[in-house]
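Q: Please take a close look at the cysteines of this model, and then carry the reading on to its main pocket. I would like one connected account rather than a list.

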Amino acid sequence: MRTLRVGGVPEHFNLPWHLAIEDGDFEYDHLHIEWHSFPGGTGAMNSALRNNEIDVAIILTEGIIKDIIAGNPSKIVQTYVHSPLIWGIHVDANSKYSSVEDLKNTKAAISRMGSGSHLMAYINAEKLHWEPKSLDFEIVGDIDGAVKALEEDKAQYFMWERFTTKPLVDKGVFRSVGECPTPWPCFVIAVREDVLENQKDAVREMLKVINTKTISFKEIPEIEELLAKRYDQKLEDIKEWLEITSWSESQLTVEEIENIQNHLLSLNLIPEKLAASKLIYNL
């Protein structure tokens, strides 16, 4: 049995992985998938890839591209979720701020530097024509840290995947003031280079299994109810999320990679652009 250590966020996007593990799908191909959950998101997974704590990451596209350029010895082997990620922009329920525009020159809570919440604050600033150098950050670790930071006014807003934070909005902990979708496919599958060198066949089999699961995922009987129960979501929210979410079995295109790097470079988040061949690996 070949083992691959796979990391991902504890969110509804990754239910296909959990179901494939629970159903024994990987074992048919003599694979053992050891799942590692990362509530801290992309920044935490980048560190885990660099430190040889995981072999594979289901990770935000812009976050892994930025970190590969910064020296992360990994490559993108496939897009995982092709649709954009809808980032909700949240304030404390009792905040005096009522719109995204009101948040100019305030402090953003982020999970860590280089995380999706960090990078998307810049994308949001670009969209609103804010000066990127004016952005200020409070590192909070995860959603629980963000709740505390906003409540104590150590930060004034927090960007996180809209449906994941919706229960906190429903409970009156957060108030939603806007959204900012990623202008590219949101999740990719990244693998450490040494794993691609030594376990290429295992990675190829892993992709075959997970792609088979995602292709049929929306057709699983009562999948909406299962998602709502596991992720503490309202059924109507899950149905909306499924409508706008599409998985992928394809590699990022050169045009998509160029678009992401152009955004990161324009915001001074990367020092240079790399050729697509330095970022992706086609199995």
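**Cysteines and the largest pocket**

A: Cys-180 is buried, with a relative accessible area of 1%, in what should be read throughout as a predicted model. Cys-186 is buried as well, its relative accessible area being 0%. Neither sulfur has a bonding partner here: the cysteine sulfur closest to that of Cys-180 belongs to Cys-186, and because the two lie 13 Å apart, the separation is too far for a bond. Taken from the other side, the closest cysteine sulfur to that of Cys-186 is the one in Cys-180, again at 13 Å and therefore too far for a bond. With a disulfide requiring a pair of cysteine sulfur atoms within 2.5 Å, the count comes to 0 disulfides.

Turning to the pocket, the largest one holds about 190 Å³ of space. It is lined by 13 residues, of which Thr-164, Pro-167, Tyr-231, Asp-232 and Gln-233 are the closest to its centre. Helix H6, which spans residues 162-170, supplies the largest share of this lining, with 4 residues. In terms of residue class, the lining of the largest pocket is made up of 5 nonpolar, 4 polar and 4 charged residues. Both assigned domains take part in this lining, since at least three residues come from domain 1 (2-84 + 185-278) and at least three from domain 2 (89-183).

Terms used:
Residues numbered from 1 in each chain as written. Predicted model: local features only at pLDDT ≥ 70, side-chain atom pairs only at ≥ 80, totals over all residues. Heavy atoms only, no water. 1 Å grid on protein atoms, 1.4 Å probe; cavity = no way out; pocket = protein on both sides within 12 Å on 5 of 7 lines; lining within 4 Å. Points joined across faces, edges and corners; volume = space filled by probe spheres on them. Helix = DSSP H or I, 4+ residues; strand = E, 2+ residues; numbered from the N terminus. Nonpolar A, V, L, I, M, F, W, Y, C, P; charged D, E, K, R; others polar. Buried < 20%, exposed > 50% of the residue type's maximum accessible area, 1.4 Å probe, protein only.
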